[in-house]
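Visitor: Hi! I have a structure open and would like some help finding my way around. Could you walk me through it?

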Amino acid sequence: MTTLQESYFMNIAPEPAAGIGMCRLVAQLDGEKVCRIDPHIGFSHRGIEKLMEEHNLLQGLVFTDKLNRSAPFSCVHSLVLAAEKLLGVKAPKRAECIRVILAETGRILSHLRATANLAADTGTDIVYPVVRKACQQAYALLDTVCVSCPPAVFIRPGGIKNDIAPQSKELIFNWLTKELPPVLIEIEELLTENRIFKSRTVGIGVIGEQDAVAAGFSGVNLRACGVKWDLRISEPYEIYDSLSFDMPVNPEGDCYARYLLRIFEIYQSMSIIRQILEMLPDGDVLLPDFCMGEKADSLTALSRRFELYGTGTALSAGEVYAATESPLGEFGVFLISDGSEKPYRCHFRSAGFPVMQALDLLTKGYDLADVRVILSSLNILTTETDR
Amino acid sequence: MEVKQDGWIDRLHQYGVAAVAFQSLASWVCAQAQAGMPVSTGCCSCFSQMHRAGMEGVFNPHHADVLVVNGALSTKAAFIARRLYDQMPAPKYVIAFGNCAVNGGLFAKSYAITSARDILPVDVCVPGCPPDTAALSAGIEKLRQIIRNRIRGK
């Protein structure tokens, strides 16, 4: 380690790695070696938490959806669970099942994107077109399943907006069995045993178990250090406790371990969706109190609908924290309500923020060229980190 | 002295044949192909869409003709966008891609957002949340029209 006079500083900005968003890293270098990295965040700060206080819950869903662009439904899911906890309601079983299907589809999409970004940063650009095609198929599928409803407002407190399209069961099954497996096989053939990819990722960006826990890691980044922690199993929400799936862990803690875990989790998500499709119950998808549809036959229902459209659902006073296992890690929503329609305070526990603070630890001692590989293997999104 | 500029004949009288011919050639070159540099702070990231819409994407302001701003510009990012714009060689143009870049869109009421128009001379706005490739295509064609008209003195 050289002294401050001998080393020099370098700005890595405005987009230090593929698909991460705007962020600035100030690297202190000794030749090619990184001595210290200072992440500057806040370029994507849009003040969403403050905006949430000025809008009612249904409007707030739209803001929350903009946090994570690579995984639809993931951030909204936490907010909806928090609101339901506060209101003391529970969505119908069918709605919960569909929510989990959509959340797992979002997880597959996000993990595919993360893999493509990592591959691009290690010099394997060919994965991009493969993943883009798969993502287009998945978005077309989501469009059909949700009956052309935008993802942001499909999941909502009390259930989901409308029932999924009648043919969606066959469509999703077809996607899982015919369209997705060839994509995964192609990605694995391109990357898993690729000598160049392995030389860029194996043993790079290693972080120990204790450091990761101390920094506040969650999700894939934590499980890649050998910690068994997955909110879907450790603190199950929705219907996850009635499903059987594995929690893959890898004790290596390097970029390659994170890549392997993502691929493995895609297979787990596929199995989860398949299990739910087999046991999907019939029934309502939205509690009648939250229904904004055409069924307003009585005067009470009509006035209730008017209230929902005009002001929104009044939250019961209190404070609540709800978290889900989003593809980037634990995404939590902390809501305080004073009894009005708008939350008094809303705070997001973003998954990328704790990872950002450990960036110095992760990159210390590695080459400058490894910085972007490490960054994209962590799958940080600045829109989610900066809120 | 007031100079009237309402057609290429007037400009011919004013500047001479060689200068006008050079300007026309330069404008024709400018209007044919642009290299765009995306500045992305939000959800509609447009790099792949730019390729499909017929604009080459570059990641160096010195190589770029067009700055494509997408996503809501926070006050902190606005300085970066302005700095990138200042580093671009003239003639340079700005496209605001998406509602958030045009006027703040969804986040217009937020304390942290600056409209792209306040800090950059935006030539073309492409609305949408997010805009599709056809809209960007139309925006690029509009930009070419603006370049041609500007040089013709319209």
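Guide: Happy to! One term first: a polar contact is a pair of N or O atoms within 3.5 Å, and within protein one of them must be able to donate a hydrogen while the other can accept it. Keep in mind, too, that this is a predicted model.

Visitor: Okay, so how many residue pairs are in polar contact across the interface of chain B and chain A?

Guide: The rule finds 5 such residue pairs, with both partners at pLDDT 80 or more.

Visitor: And which parts of chain B touch chain A?

Guide: Three elements of chain B each supply at least two residues to that side: β1 (35-40), α3 (47-53) and α4 (75-87). The largest share comes from α4(B), with 4 residues.

Visitor: What classes of residue are on that side of chain B?

Guide: There are 12 nonpolar, 6 polar and 3 charged residues on the side of chain B that touches chain A.

Visitor: How many salt bridges does the rule find across that interface?

Guide: It finds 0 salt bridges between chain B and chain A.

Visitor: How much area do chain B and chain A bury between them?

Guide: About 1,900 Å², and 67% of that is on carbon and sulfur atoms. In terms of contacts, 21 residues of chain B meet 22 residues of chain A.

Visitor: Back to salt bridges. How many are there over all chains?

Guide: Searching the whole structure gives 19. One pair to look at is Lys33(A) and Asp367(A), whose side chains meet in a salt bridge at 2.8 Å, N to O.

Visitor: Where do Lys33(A) and Asp367(A) lie?

Guide: Lys33(A) is in strand β3 (residues 33-40) of chain A, while Asp367(A) is in the loop between α15 (359-363) and α16 (368-378) of chain A, so the pair ties together parts 334 residues apart in sequence.

Visitor: Neat! New topic: what is chain B built from?

Guide: Chain B has 7 helices and 7 strands. From the N terminus, the order is α-α-β-α-β-β-β-α-β-α-β-α-β-α. The C-alpha trace of chain B spans about 50 × 35 × 25 Å along its principal axes.

Visitor: In what order do the strands of the open sheet in chain B come?

Guide: The order is β2-β1-β3-β5-β7, which makes 5 strands with parallel pairing. β2 (56-57) and β7 (124-126) of chain B each have a single partner strand, so one side of each has no neighbour in the sheet.

Visitor: How many bridges pair β5 and β7(B)?

Guide: Strand β5 (residues 93-97) of chain B pairs with β7(B) over 3 bridges. For example, Ala96(B) has Cys125(B) in β7(B) as its bridge partner.

Visitor: Which residues of chain B does a cis peptide bond join?

Guide: Cys129(B) and Pro130(B), with omega at about -10 degrees. Pro130(B) sits in the loop between β7 and α7 (133-152) of chain B.

Visitor: Over to chain A. Is the pairing in the sheet β6-β7-β8 parallel or antiparallel?

Guide: Antiparallel: these 3 strands of chain A form an open sheet in that order. Its edge strands are β6 (318-326) and β8 (345-349) of chain A. From one strand to the next, the twist averages 15 degrees.

Visitor: What joins β6(A) to β7?

Guide: There are 9 bridges between β6(A) and strand β7 (residues 329-337) of chain A. Ser326(A) stands opposite Gly329(A) in β7(A).

Visitor: Which helix lies across β6 and β7 of chain A?

Guide: That is α3 (residues 74-87) of chain A, running at about 150 degrees to β6(A).

Key. Residues are numbered from 1 along each chain as its sequence is written. Chains are lettered from A and ligands numbered from 1 in the order in which they are written. This is a predicted model: local features need pLDDT of at least 70, side-chain atom pairs count only at pLDDT 80 or more; totals for chains, interfaces and linings use all residues. Side-chain values use heavy atoms; hydrogens and water are left out. Contact means heavy atoms within 4.5 Å. Buried area is the accessible area (1.4 Å probe) that two parts lose on being put together, summed over both. A salt bridge is a side-chain nitrogen of Lys or Arg within 4 Å of a carboxyl oxygen of Asp or Glu. A polar contact is a pair of N or O atoms within 3.5 Å; within protein, one must be able to donate a hydrogen and the other to accept it, and residues adjacent in sequence count only if both atoms are side-chain atoms. Ala, Val, Leu, Ile, Met, Phe, Trp, Tyr, Cys and Pro count as nonpolar, Asp, Glu, Lys and Arg as charged, and the others, Gly among them, as polar. Two strands pair if DSSP finds at least two bridges between them. Axes are lines fitted to C-alpha atoms, for helices over the stretch in contact, and angles run from 0 to 180 degrees between N-to-C directions.
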